[in-house]
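Trainee: Please take one part of this model and go through it closely. I would like the metal site first, and then whatever surrounds it in the description.

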Amino acid sequence: MKKQTAGHARNAGPMRFAFPRFVGSKPAVALKQVQYDAFRTELPFLYGILILNAVGLAITHNQSAPTWLAMDVPIVLSTACALRLAYWLRVRFTGFPHLPGAGNKVRVRLGLGAGLAIGYACWAFALYPYGNAFARCHVAVSVFVAVLGCIFCLTYMRVRLVVAGAVSIVPFAPMVLFSIESREYALTAIVTNLAIMAGAMVFVLRGYYDRLADLMQSQHDLVKKQQEAALLAEENFRLANVDALTLLPNGQRFLSDLDALLLSRSATHSGFAVGILEVDGLKPLNDLFGHEFRDRVLKEIGRRLSLLTNPDVIIARTGDRAFGLLVRSNVTASQLQDMGTMMRAHLEQPYELSGRLARLSVSAGFALYPEAGTVAQHLYERAEFALQHAKTLRNGRAVVFAQNHENSIRRDSEIELHLRRADLEQELSVRFQPIFDVASKGIVAFEALARWKSPVLGVISPVDFLAVAERTHLIHALTTVLLRKTLDAAAAWPPQIRVSFNLSARDLGSAEAIDTIINIVLASGIAPHRINFEVTETALINDIDRASEALLALKRMGAQVYLDDFGTGYSNLNYIHRLPIDVVKIDRSFITDIAEQQTAQIVVQTIVDLCHRLSLECIAEGVETVSQVNALLRVGCNVMQGYFFGRPVTGSDVVDSFVSTGFLEEHSGCQP
Ligand code: C2E
Ligand code: CA
Ligand code: CA
């Protein structure tokens, strides 16, 4: 899996912005909050000034005005003011930092303030006729102070400008008139000045309020834009980390989660596991029903897998048909195997979509941290190795990477090293195993089986060195040498005996390799119709169109195509029928129990019947006993291969052991 640019850890979301306290509130509300904060600080001063003013006026008018006016009224007003002062001090120092829920409550409280200020203004004004010019001047100043308090409250209450202006200027009009009447022009000037100042204060405060409102509006817009940008960033982050089809985290996210997990666990050393689930059978669905159906199946896979996701198990789509797993808890190998089995069972349930039924097979491989590796690449590679191992086991169990896998990795790299250095002409040889027709008592063909004897490593099993050759692209060189040797040997056999040659998936996937194969056949002098090419379902399914083209090219030449190891892959005869195949070879695993187990007999019987219906011949592989031969004959399969008829021998032994001896008579007792 290719690593893309580093993403984020699962818990690390996209960048989040720190918003001010009134994030999300409407600008008007935010404005009120700011003003409320100001009032909490300023109103106690206002009430304090009103009380001091009242005391001052009461003292200066105590002698000149009636007692009820000079003393009683200010006592009532000041008591009310003191109560309000106490209230606001409590608000100021003991809490209520936030605007009380309903804006109306604030309006009522400010209305009270304004009312008291008006009450003061009226009382002060009532004292105006008493006392001398200084006392009247004092009254004018006190009225001004009360008016200021009133303006202060009214501005917040958004009382109309005209009303606020009127409330602030009107109280001065009678004083101006009185002073003109009593010819105290200096007093007229002072009162007029105060009236103008009060009017100006209305405008100043109103302007301040409007500018503040604009500021709050632009701040609100800015916050809104930031929120939108944050949402967009979050959405982009999500899209960049999610697989669009399955809606699971994608490979990039998987790798960054793995990196983050490694980082966190490097300190604690507690274990976790990396896993890979690989789904087989999607390609045939694509070929049979089209990519839309395949995509629907993938969506359903995503849905099923998301049900298995929890904080401890992360599942991501890491490849076309591969899903990465991070098991964040400390698990044992057997727990992982159980988990793999459960997930496989979940995914292998039939997919019933658009009136069609699809079945998939799933393999699972796991690697444990820190045993299998301490860096992401090692862990992933080992989970992949375990997966490949799981595929070769036919019991479908999940595989957890273990020490013996470590040994086989070492062994594989050793094989690769010596295979690269090998003198292929010298070290490779071919053995031939007969394919026998029991009904006609004749050998149909010999299958060519590769052998390698390395001067350093000794004899290596073809399963091992061919897998390495396939993975490392060395296979073409091997195929060329092996085919040439096979055809050289077959040239010495009687012309009615065919030769069967195994092709690898990579041979089928390369047009060049097929051209080389055709050229070798044509140059060998052996009639192409004597040659069978054996291919496996897995090799075909990797790229069905290309494989189909390759097979057609071989068939055009005159060769036949055998489908090898049938029953171990997808076993989709409907799909296989679209390929140019002549013969199906039933895998050895079905033959092993055929003599004893009725189920095995039924399975083989079904395959044989299907082959007959599709006009395909069939061959049973791995036949070792006479009872297996008889059981096969009973289900209608006459052509067989296996140790019962002969082990693989050298090319020259083919003639000596099978053709020129009385081999056929020896096996005549096979018939039921
Ligand atoms: P295969 O094509 O299924 O070949 C049959 C394998 O089963 C051979 O193993 C053969 O020796 C073994 N066999 C035959 N009869 C019996 C039996 O009665 N009982 C048992 N237990 N085994 C039996 P071998 O030679 O080790 O080959 C293994 C695999 O290697 C082959 O499986 C084939 O897939 C691959 N292979 C062999 N030669 C070549 C080759 O030249 N090219 C390619 N691409 N693959 C090859
Ligand atoms: Ca074969
Ligand atoms: Ca086979």
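Mentor: The account below starts with the metal site and then turns to some helices and single residues.

This is a predicted model, in which local features need pLDDT of at least 70, side-chain atom pairs count only at pLDDT 80 or more, and totals for chains, interfaces and linings use all residues. Residues are numbered from 1 along each chain as its sequence is written, chains are lettered from A and ligands numbered from 1 in the order in which they are written, and side-chain values use heavy atoms, with hydrogens and water left out.

The calcium ion (ligand 2) has Glu447 (OE), Asn502 (OD1), Glu534 (OE) and Asp564 (OD) as its donors, at 2.1 to 2.3 Å. Donors are N, O and S atoms within 2.8 Å of the metal (3.2 Å for Na, K and Ca), and sites may look incomplete because water is not among the atoms. Along the sequence these donor residues follow the spacing E-x54-N-x31-E-x29-D. Distant parts of the chain are linked here: Glu534 lies in strand 12 (residues 531-536) and Asp564 in strand 13 (residues 560-566), 30 residues apart. Helices (H or I, at least four residues) and strands (E, at least two) are DSSP runs, numbered from the N terminus. Both Glu534 and Asp564 are buried; buried means under 20% relative accessible area, exposed over 50%, and partly exposed in between, with a 1.4 Å probe and protein chains only.

Asp564 also coordinates the calcium ion (ligand 3), which is 3.9 Å from the calcium ion (ligand 2). The calcium ion (ligand 3) has protein donors from Asp564 (OD), Asp565 (OD) and Glu621 (OE), the last listed twice, at 2.1 to 2.6 Å. The spacing of its donor residues is D-D-x55-E. Again the chain is bridged over a distance: Asp565 is in strand 13, while Glu621 is in the loop between strand 15 (617-620) and helix 24 (626-634), 56 residues away. Asp565 counts as partly exposed because its relative accessibility is 22%. Glu621, at 11%, is therefore buried.

Next, Asp507, which sits in helix 17 (residues 505-509). Asp507 is buried but has no salt bridge, and the nearest side chain of opposite charge, Arg506, is 8.5 Å away. A salt bridge is a side-chain nitrogen of Lys or Arg within 4 Å of a carboxyl oxygen of Asp or Glu; Lys and Arg count as positive and Asp and Glu as negative, with His and the chain ends not counted. The side chain of Asp507 does make a polar contact of 3.0 Å with that of Thr479. A polar contact is a pair of N or O atoms within 3.5 Å; within protein, one must be able to donate a hydrogen and the other to accept it, and residues adjacent in sequence count only if both atoms are side-chain atoms. Leaving out residues up to four places away in sequence, Asp507 touches Ile475, His476, Thr479, Ala513, Ile514 and Ile517, where contact means heavy atoms within 4.5 Å.

Helix 13 (residues 403-421) has 19 residues and reaches 28 Å between its end C-alpha atoms, close to the expected 27 Å. The expected span is 1.5 Å times one less than the number of residues. Its buried residues include His405, Glu406 and Asp412, and their cover includes strand 9 (442-454) and helix 15 (462-471).
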